[in-house]
Amino acid sequence: MNIDFEAALKYIDLGSYDKAIDKLKTAIENETEKNDLSTATQYRCVLGELYANLGRKDESKAEFEKVLDYCDETHTLQKQGNIAATYISAFEGKLPAQPQPAAKRPGDVPLVPKPVQNKAFIAKQSRKNHK
């Protein structure tokens with residue numbers, strides 16, 4: 001893991017968001033220079049989330065679009081692609097669909113229904129001598 005990225009995470013924990021942004025940008029540049037675009041894209045996704053949490057919508061959207069471009073080209077980093085797509089949709093006013101609640105089962109109905117016994121079975125059981 002890149003030391004600048006680790007420093008950025010520490011700055012985020014401390015609430016120094018401007019320093020965190022600088023460190024994230026440095027980490028992205030370093031990984032891009034090493035030609036490790038996958039890691040750079042992961043860092044870019046974190047930067048986009050930080051911008052979104054700070055209310056910097058335009059910068060966040062730009063970062064997320066770069067993440068989506070990389071994910072579409074390489075067909076990798078599915079998690080980051082989903083995060084980016086969700087944020088971009090939210091910026092456009094399209095919120096993700098809420099899952100439907102499961103149908104509730106009446107409280108008096110057992111999970112596994114009891115087998116229905118016929119009269120012959122009941123008569124046979126009652127005639128047995130239990131020792």
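Is D72 buried or exposed? Keep that in mind while you get your bearings; this is a predicted model.

**Start with the whole chain.** Switch to cartoon and colour by secondary structure. You'll find six helices and zero strands, so to speak an α-α-α-α-α-α run when you read from the N terminus. The chain has 131 residues, and 25% of them count as buried. Turn on a surface if you like: about 9800 Å² is exposed, with carbon and sulfur atoms supplying 53% of that area. As for how the chain meets itself, take the contacts between residues at least 6 apart in sequence: 42% of these join residues at least 24 apart.

**Next, select residues 57-74.** That's helix α4, and D72 lies in it. Show the D72 side chain. D72 is exposed because its relative accessible area is 54%, and the cut-off for exposed is over 50%.

**Now add E65, D69 and E73 to D72.** Together, these four residues form a negative surface patch. Colouring the surface by charge is a handy way to look at the patch made by E65, D69, D72 and E73.

**Then move along to S60.** S60 also has its place in helix α4. Which way does S60 go, buried or exposed? S60 counts as buried, because its relative accessibility is 0% and the buried class covers anything under 20%.

**Last stop: what surrounds S60.** Select G48, Y51, A52 and F91 and show them as sticks. S60 is in contact with each of these, leaving aside its neighbours within four places in sequence.

Conventions. Residues numbered from 1 in each chain as written. Predicted model: local features only at pLDDT ≥ 70, side-chain atom pairs only at ≥ 80, totals over all residues. Heavy atoms only, no water. Patch = residues over 30% accessible without salt bridge, like charges linked within 9 Å, V, L, I, M, F, W, Y side chains within 5 Å. Areas by Shrake-Rupley, 256 points an atom, 1.4 Å probe, with all protein chains shown as cover. Salt bridge = Lys/Arg side-chain N within 4 Å of Asp/Glu carboxyl O. Lys, Arg positive; Asp, Glu negative; His and termini not counted. Charge placed at Lys NZ, Arg CZ, Asp CG, Glu CD. Helix = DSSP H or I, 4+ residues; strand = E, 2+ residues; numbered from the N terminus. Buried < 20%, exposed > 50% of the residue type's maximum accessible area, 1.4 Å probe, protein only. Contact = heavy atoms within 4.5 Å.
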